[in-house]
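Student: Could you help me learn how to read a protein structure? I'd like to start with the basics and then look at real cases.

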Amino acid sequence: MYFPLQLRLTLFYAVLLGLALWFFGNTVYTQAEQRAYTDLDTTLSSRAASVSLGKGLLSGQYKAALPNLLQSVDELGSGGVAIEVLDNNLNLLATTASNANDPLQISVGGLGNSPVPWDIQAAQWVLRHPFSQNGEASSVYSTITYQGQHIRVYTLFNRDFDAGHVIQTARSEQDIEQSLRDLRSLLWSGGALVMVFALLGGWFITWSVLRMVRRMTKTAHSISASRDFSQRVPTGSVLGKDELSTLAATFNEMLANLEEAYWRQQRFVADASHELRAPITSIRCNLDLLATAPDLPAEEARSALADAQAEAARMGRLVNDLLTLARSDDAAQEARANGYKKDTGQVQKVDLDSLLLEVFRQYKPAGEDVNDDNKQQGPRLLLQDITPVQVYGDADQLKQVLVALLDNALKYTPYEGSVSLSLTTDERYAVVKVSDTGIGILPEDLPHIFERFYRADRARSRERGGSGLGLTIVQSIVQEHQGSVEVDSTPGKGSTFTLKLPVASEID
Ligand code: ADP
């Protein structure tokens with residue numbers, strides 16, 4: 001069942017807030033209620049006690065005109081408390097009057113004549129049990145309903161001046177009930193107001209938070225539908241800079257990277273097909289020529305076949321380079337995801353000096369100064385420093401890097417020039433330098449030579465069998481090995497490629 005998050009959060013919030021408010025209101029109300037009734041009981045009992053102080057009023061001379069009016073009690077301030085003093089047969093001995101004209105009108109809380117006694121059962125009970133276990137005069141509180149009003153009654157046994165009599169004090173609970181009702185409605189309306197404001201606030205906050213999330217969802221959805229990676233999510237949040245605006249900025253950053261990667265991929269595919277088209281066209285033309293002209297002179301037919309062969313070989317190299325690149329991209333991605341693991345077995349310690357010597361020996365014949373006819377075969381190949389050093393890595397891949405750099409140096413250096421190799425260490429790095437005295441690279445080409453298919457001098461590079469992928473592969477492998485490759489070049493004077501790889505620690 002779809003239950004929107006905004007509604008869910010608001011409801012959850014409302015329930016929690018409601019419970020908190022209810023708990024708070026309930027505590028306040030209960031406290032106020034208890035306090036009011038305790039105060040009432042205290043008033044009733046203190047009024048009853050004050051009657052016993054006024055026992056003189058009930059001495060013999062007044063007996064003829066019973067009941068007496070308890071004026072002195074009134075003077076103490078009865079506070080709406082009516083008092084009845086009854087003998088042990090429950091005849092009225094004395095009472096308060098709330099109506100000055102009619103001294104016998106005992107009323108409480110604006111009610112008409114009151115019953116005598118107020119609570120007959122309580123009066124009978126205290127007469128039956130005049131003293132409590134610890135010898136004190138017994139008393140009891142009760143609540144009666146009289147003319148639709150709740151009347152609180154306090155009944156006290158007293159034997160100060162005769163065989164025993166009963167004092168009952170009573171007071172209406174109406175005003176207490178009224179103020180409790182007022183308090184209740186205040187709490188309800190205040191609570192409701194707080195709820196409304198809190199819910200509106202909560203709704204607004206969740207709305208503004210979820211608006212960002214909705215925007216991101218919408219953008220992601222529309223990107224997946226249209227593959228338009230140029231879209232971005234607005235990063236400004238109504239609530240200022242917060243985790244969500246950071247998330248939106250990160251999301252945009254990710255989109256920018258994806259866009260970059262997408263276009264790089266597109267460009268790569270376009271470039272790769274373009275590069276493959278040239279040899280395919282050349283092979284097709286040569287084959288067409290052979291097929292359509294069967295009487296072609298043998299010389300020309302051989303040359304067409306040789307052309308086709310050379311192009312096929314170039315295409316083979318290109319496809320190999322592409323494969324290497326794709327694989328090293330995968331490996332680099334994996335290495336990035338896993339961190340650099342030297343203990344997986346895939347990456348082991350490699351003697352870089354031995355590897356360099358191996359490559360040097362492989363190329364040395366091609367770089368020998370003279371052949372039998374005393375003619376130069378290529379530039380002079382020199383080995384300068386060689387320091388024994390170990391690095392972590394894949395020996396085959398590292399060899400491929402050295403071969404590519406040396407190959408380029410020999411390719412772009414005239415026969416009379418020289419190419420030198422050196423291996424030194426610099427603190428934590430092994431440093432390989434491949435320097436040549438060749439044609440050099442123009443400053444405007446320098447920043448691009450590691451890009452895929454970039455060739456500073458297209459014609460010359462192609463003529464020398466270059467695909468424009470060699471340095472891209474070098475960089476990719478070197479980065480995968482946590483190293484770096486840099487170039488320093490002066491056009492017409494030569495170039496130096498510097499390769500840095502972290503030295504393997506001796507502990508492991
Ligand atoms: P290619 O297969 O064309 O050699 P690379 O990626 O190996 O492709 O090199 C890219 C470009 O960098 C080359 O086309 C060339 O113009 C330039 N380059 C590389 N190495 C050298 C060098 N040692 N001297 C001069 N130019 C170089």
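Tutor: Let's begin with burial: a residue is buried under 20% relative accessible area, exposed over 50%, and partly exposed in between, with a 1.4 Å probe and protein chains only. Before we use that, note that this is a predicted model, where local features need pLDDT of at least 70, side-chain atom pairs count only at pLDDT 80 or more, and totals for chains, interfaces and linings use all residues. Residues are numbered from 1 along each chain as its sequence is written, and side-chain values use heavy atoms, with hydrogens and water left out.

Student: OK, is Thr 96 buried or exposed?

Tutor: Thr 96 has 4% relative accessibility, so it counts as buried. You'll find Thr 96 in the loop between strand 3 (92-95) and helix 3 (120-128). Its C-alpha atom is separated by 9.2 Å from that of Val 85, 11 residues apart along the chain.

Student: What counts as a helix or a strand here?

Tutor: Both are DSSP runs numbered from the N terminus: helices are H or I with at least four residues, and strands are E with at least two. This protein has 10 helices and 13 strands.

Student: And how much of the whole protein is buried?

Tutor: Of its 508 residues, 36% count as buried. The protein exposes about 29300 Å², and carbon and sulfur atoms supply 55% of that; the areas come from the Shrake-Rupley method with a 1.4 Å probe, and for residues only the protein chains shown count as cover.

Student: Which residue could show me the partly exposed class?

Tutor: Try Ala 49, which counts as partly exposed because its relative accessibility is 36%. Ala 49 sits in helix 1 (residues 5-53). From Ala 49 to Ile 167 the C-alpha distance is 8.9 Å, although they are 118 residues apart in sequence.

Student: How do I describe two helices that pass each other?

Tutor: Fit axes, which are lines through C-alpha atoms, for helices over the stretch in contact; angles run from 0 to 180 degrees between N-to-C directions. Angles under 35 degrees count as roughly parallel, over 145 as roughly antiparallel, 65 to 115 as roughly perpendicular, and the rest as oblique. For helix 4 (residues 174-226) and helix 5 (residues 243-292), the axes come within 10 Å and cross at roughly 10 degrees. These two helices are therefore roughly parallel to each other.

Student: Which residues of helix 4 and helix 5 make the contact?

Tutor: Contact means heavy atoms within 4.5 Å. Among those involved are Val 209, Met 212 and Ile 223 of helix 4, and Leu 244, Phe 251 and Leu 255 of helix 5. By class, this contact has 11 nonpolar, two polar and no charged residues. Here Ala, Val, Leu, Ile, Met, Phe, Trp, Tyr, Cys and Pro count as nonpolar, Asp, Glu, Lys and Arg as charged, and the others, Gly among them, as polar.

Student: Is there another helix pair to try?

Tutor: Look at helix 8 (residues 395-411) and helix 10 (residues 470-480), whose axes come within 9 Å and cross at roughly 145 degrees. Their contact includes Val 401 and Leu 405 of helix 8 with Ile 473 and Ile 477 of helix 10.

Student: Last one: what should I look for in backbone angles?

Tutor: Most residues other than glycine have a negative phi. Phe 453 has a positive phi of about 65 degrees although it is not a glycine. This residue lies in the loop between strand 11 (429-436) and helix 9 (458-463), and at 3% relative accessibility Phe 453 counts as buried. Gln 147, also not a glycine, has a positive phi of about 45 degrees, and its place is the loop between strand 4 (139-146) and strand 5 (149-158).
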